[in-house]
Amino acid sequence: MATQTMSPSKAAIIANPVANPLGYQTFAIGSFRFERDQYFAHIHYPGNQHIMPVDAFLRALMRDVGWGFFYGTVNFDHVFGTLNHYGTVEMFIGMFNDAFRKAHRDFVENFDSPDLRKVFEAMLDDWTNEGFDPYAAPDETGLAYGRKHGSNTKALKRQRMVATRMVGLPGDLGYRTDIDGYPVNRQFTDVPQDLPEIHAAPGFEGQVHAFNMFAYVSRSDVTWNPSVVSCVHDSQFCATTEEHALPIMHGNDRVEWFIQATDEIIWDVDDKNTGAPRAKVTMKAGDVAAMPADIRHKGYSPKRSMLIVWENNDAALPRMYSRGELKPHPVEF
Amino acid sequence: MGGYHTVFGSLDHYEKGGVQVIDADPKHYCFSNCFEVASKSKPYEKVAVGKNLKYVIEAIRAEGDSPWYSNAHDEAVLVMDGEIEVHLLQPDEPLVPEGKEGSVQLDAEPKGTKMGWVKARRGHMTLLPKGAAYQFRSAKPGVMLQQTILGDFTIQRWNEICQTQG
């Protein structure tokens with residue numbers, strides 16, 4: 001495998017201020033160079049290049065930027081992606097593709113996370129045209145194609161929502177309301193918006209607490225973008241609305257769990273390292289399933305659905321799993 | 001409006017998906033359904049349907065009055081079906097030692113100050129704050145998911161609740 005490790009001083013960050021004839025800038029970091037045309041993103045690396053449809057590339061790039069490279073591996077497709085080491089990040093070609101590895105066509109380069117993030121953010125902003133929202137379902141947004149026209153910076157700057165104890169507690173993450181720009185999504189208009197009855201005795205206001213989590217989720221303006229709604233130490237309930245297809249294949253660096261709250265998602269589950277198919281998991285309302293630490297997964301949600309992604313946020317876990325100190329599946333029985 | 005129908009599950013009606021194995025052990029996915037688990041549980045059995053090292057998600061059938069519980073850390077319950085009251089009490093003295101993990105079932109209602117109560121329906125999430133005592137009351141059968149830590153009262157019967165064959 002070809003590997004280059006770049007120190008921050010050597011990780012040259014280049015954004016060509018001279019746009020190409022279609023109006024898009026070219027970006028480069030280390031040995032990678034990124035160009036786009038009207039339909040495609042072109043990823044150049046030593047000795048070769050990779051190509052992706054630009055809408056798929058931007059949707060994956062949005063998650064990688066929005067999640068700070070997320071837990072583990074963000075596979076943009078079967079070839080290109082990033083692997084988070086929490087402080088540094090590897091950008092790779094074919095590192096998790098068996099055929100690429102066997103043919104010695106894989107390539108990986110290591111960067112300080114802030115350096116790569118800077119390039120990704122600039123590329124996402126320059127390459128996203130007016131009317132295209134990479135966080136939205138395809139039915140809710142315009143097209144990514146064509147010559148450069150305008151921008152959509154506001155849509156790209158959404159902050160990931162993270163409650164420290166529970167949504168709605170004093171000083172914690174607030175509710176989503178019409179006034180704040182979070183109307184009920186078009187596919188969740190039948191989700192009850194009623195409030196729990198809270199009868200707090202004097203002096204216990206703010207301690208006796210409940211909220212309508214399903215209503216909160218029904219007002220999410222993004223897809224495939226979990227937000228933390230409740231915590232028990234490192235146990236995080238990350239609620240999200242899913243519609244169409246997860247724009248990445250997420251490679252786990254720990255066990256995560258899914259609780260299907262409504263509707264249905266079908267998951268393709270592959271081996272994390274080789275990409276070989278392992279299982280297809282169909283989840284309906286009320287189903288609960290684990291995603292082991294040694295797989296990658298991609299979900300398909302025919303109708304907008306509610307999913308609770310349950311994460312263990314313990315920072316020590318990736319190392320423990322990679323060393324084999326923990327089994328990749330969560331329970332022995 | 002819109003023509004979309006959101007599908008929820010309930011004790012009375014749920015459909016279960018499953019794991020179609022290609023090259024895997026279905027047990028590794030611990031696939032279950034909280035309504036099915038609750039349909040086979042006694043009232044207020046705390047049956048683990050998710051376990052991530054020391055953290056668990058318990059599926060609980062709510063029916064009648066539960067025992068009183070307390071804790072040494074925050075917990076949360078999400079109602080998946082039914083209408084469930086959560087009664088909270090601030091005990092006169094700590095009921096659970098600092099550092100104790102999981103829900104702790106009490107022998108009786110403890111002495112203390114009533115904090116108030118919540119009536120929660122499907123989709124409503126209620127905080128069970130650290131150090132409080134709490135009791136669930138449900139006139140009809142309902143289902144809750146409790147976000148907590150593995151404790152003395154967590155029941156693990158994975159072989160009975162999970163898909164074991166591809």
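Is Q187(A) buried or exposed? In this predicted model, Q187(A) has a relative accessible area of 4% and is therefore buried, the limit for that class being under 20%. The residue is placed in the loop that runs between α4 and β11 (197–200) of chain A. Its side chain makes a polar contact with the side chain of E243(A), at 3.2 Å. Leaving aside residues up to four places away in sequence, Q187(A) touches E243(A), K303(A) and R304(A) in chain A, together with Y4(B) and T6(B) in chain B.

The contacts with Y4(B) and T6(B) lead to the interface between the chains. The size of an interface is often given as the accessible area lost when the parts come together. For chain A and chain B the buried area is about 5,900 Å², and carbon and sulfur atoms give 62% of that area. Chain A brings 73 residues to the contact, and chain B brings 64 residues. Across this interface, 34 residue pairs are in polar contact, both members of each pair being at pLDDT 80 or more. On the side of chain A that touches chain B, the largest share comes from strand β18 (residues 277–284) of chain A, with eight residues. By residue class, that side of chain A divides into 43 nonpolar, 15 polar and 15 charged residues.

Three salt bridges are counted between chain A and chain B. In one of these, R165(A) is paired with D74(B), and the closest N and O atoms are 2.6 Å apart. The two chains are also joined through strand pairing: strand β12 (residues 210–212) of chain A and strand β10 (residues 124–128) of chain B run antiparallel and are connected by three bridges. Within this pairing, F211(A) has M125(B) of β10(B) as its bridge partner.

A second buried loop residue of chain A is T141(A), which lies between α3 (113–127) and α4 (153–156). Why is T141(A) classed as buried? Its relative accessible area is 17%, which falls under the 20% limit, so T141(A) counts as buried. Two backbone atoms lie within reach of its side chain. The backbone oxygen of G131(A) is reached at 3.1 Å, and the backbone nitrogen of D133(A) lies 2.7 Å from a polar atom of the side chain. G131(A) and D133(A) are also among the residues that T141(A) touches, a list that further includes R59(A), F132(A) and A136(A) when residues up to four places away in sequence are not counted.

Elsewhere in chain A, strand β4 (residues 32–36) shows an alternation of side chains. F32(A), F34(A) and R36(A) point to one face and are buried, whereas R33(A) and E35(A) point to the other face and are not.

Strand β4(A) has antiparallel partners in β3(A) and β5(A). Its pairing with strand β3 (residues 27–29) extends over three bridges, and F27(A) stands opposite F34(A). The hairpin of β3(A) and β4(A) has two residues between the strands, and in it G30(A) adopts a positive phi near 55°. With strand β5 (residues 40–45), β4(A) pairs over four bridges. Here R36(A), one of the buried residues of β4(A), stands opposite A41(A) in β5(A). The hairpin that joins β4(A) to β5(A) passes through three residues.

Conventions. Residues are numbered from 1 along each chain as its sequence is written. Chains are lettered from A and ligands numbered from 1 in the order in which they are written. This is a predicted model: local features need pLDDT of at least 70, side-chain atom pairs count only at pLDDT 80 or more; totals for chains, interfaces and linings use all residues. Side-chain values use heavy atoms; hydrogens and water are left out. Buried means under 20% relative accessible area, exposed over 50%, partly exposed in between (1.4 Å probe, protein chains only). A polar contact is a pair of N or O atoms within 3.5 Å; within protein, one must be able to donate a hydrogen and the other to accept it, and residues adjacent in sequence count only if both atoms are side-chain atoms. Contact means heavy atoms within 4.5 Å. Buried area is the accessible area (1.4 Å probe) that two parts lose on being put together, summed over both. A salt bridge is a side-chain nitrogen of Lys or Arg within 4 Å of a carboxyl oxygen of Asp or Glu. Ala, Val, Leu, Ile, Met, Phe, Trp, Tyr, Cys and Pro count as nonpolar, Asp, Glu, Lys and Arg as charged, and the others, Gly among them, as polar. Two strands pair if DSSP finds at least two bridges between them.
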